[in-house]
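Reader: Could you take me through how the parts of this protein meet? I'd like to go slowly.

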Amino acid sequence: MLVTKFAIPEIIFGKGSTKHLAQCARRLGARRVLLVSDDGLERAGWVSMIKGLLEEDLLDCVYFNNVDSNPRDHQVHEGAALYREAQADVIIGLGGGSPIDAAKGIATIVGNGGQIRDYEGANKIMRPLPPMIFIPSTAGSGSDMSQYSIITDVERQVKMSIISRSLVPNLSIIDPTMLTTKTPELIIASAVDALAHAVESYVSKAASPFTEHQALLSIRLILDNINEAVETRSLHALEQLSIASTAAGMSFSNAGLGIGHSLAHSIGGRYDVLHGLVHPILLPVVMRFNLPASEKKMACIGKEVLGPRICSERCLGEKGIDALHEMFVRLGVTTRLRDILPTNSDMEAICRMAERDTCTITNPRQASWQDLLRICEEAW
């Protein structure tokens, strides 16, 4: 086996685990924290709850909520300026991938200066970041686990991938009760996002025994619990989806992703579509493209989806991919690009940009922009 590494944050997991937030912030030296979240978490009451926990422990809290669903570069700089102005000492990110990615971007600028675009790519953050605590409110993005931050460069219309061990937080507090306020649509979108993380990291060129186990666990838990979570809001099922998202985050943070995410970043940068809408459309098509290079692993995924079958590895992989597509249809999610994009006239530019995305490097099968264009045409 080649030399590999596996980096994750300290994790506090379980129902009601947010009650430990103030104590953990104190342990990191907090006296005044910058809390990064968004309007949706405010309406759900989670922001006021977190503020209350901090106030009870006499911790000052400065609040920043100018975060879009695809966080912008100028929002990161605005948040960093607020951190400096308030003389904060710890950053808390509360929410899905957007507030947490924004919090990582803010920490990057606070610790290293410059413009956030200076850190696009891998391993360009050279100086320490302020302490970070993340509290995920969805079971999907995995950003609370990962070495990734995805920030939109508004001028270039590009979703930048910023990758660094420095972006792994000091602590992730995962409280599954936060999922109880999510709509069925958001539960599905988040779970499919986690599923895409698990599948792409499992077949990644950089996968290792440490990541493969987490990826398969995530796939299994999502398939076993997504229907119950959507239909009944069972806290047990929501907890299992939280475990699945955490496992997928551990996997993709260390193994990387693939061309499904390259395309999702490029499409999101051009059209500002929600990240979770793209994966049920692209994942089956991308899996079919990668099948010739990953027959054994695709067969393992097929076995998780369908159970044991007496057929070749290629056949089991194909049947598993078809079953995933059918599951997305049953869940009522969009499965065609034409339903979320206004036009296909920019597809060549989108695919040329995706070819240069960092996630393309670890895809198991080499893909040119022409290959990516054919994938988008099949998904249209």
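**Where the domains meet**

Author: This is a predicted model, and across the interface of domain 1 and domain 2 there are seven residue pairs in polar contact, both residues of each pair being at pLDDT 80 or more.

Reader: And on the domain 1 side, which elements give two or more residues to the part that touches domain 2?

Author: Those elements are β1 (10–13), β7 (148–153) and β8 (158–163), and of these β8 gives the most, with four residues.

Reader: How do the residues of that side divide into nonpolar, polar and charged?

Author: The side of domain 1 that touches domain 2 has 12 nonpolar residues, 13 polar ones and three charged ones.

Reader: How many salt bridges are counted between the two domains?

Author: The count between domain 1 and domain 2 is one salt bridge.

Reader: Then what does Asp272 form with Arg72?

Author: Asp272 and Arg72 form a salt bridge, in which the closest N and O atoms lie 3.0 Å apart.

Reader: Backing up a bit, where do the domains run along the chain?

Author: Domain 1 covers 10–178 and domain 2 covers 182–379, while their centres, taken over C-alpha atoms, are separated by 25 Å. To the contact, domain 1 brings 28 residues and domain 2 brings 34 residues.

Reader: What area is buried between them?

Author: About 2500 Å² is buried between domain 1 and domain 2, and carbon and sulfur atoms give 58% of that area.

Reader: Which three residues supply more than any other three on the domain 1 side?

Author: They are Ala139, Tyr148 and Lys159, which supply 23% of the area that domain 1 buries against domain 2.

Note on methods. Residues numbered from 1 in each chain as written. Predicted model: local features only at pLDDT ≥ 70, side-chain atom pairs only at ≥ 80, totals over all residues. Heavy atoms only, no water. Domains from an automatic or database assignment. Contact = heavy atoms within 4.5 Å. Buried area = accessible area lost by both parts, 1.4 Å probe. Salt bridge = Lys/Arg side-chain N within 4 Å of Asp/Glu carboxyl O. Polar contact = N/O pair within 3.5 Å; in protein donor to acceptor, adjacent residues only side chain to side chain. Nonpolar A, V, L, I, M, F, W, Y, C, P; charged D, E, K, R; others polar.
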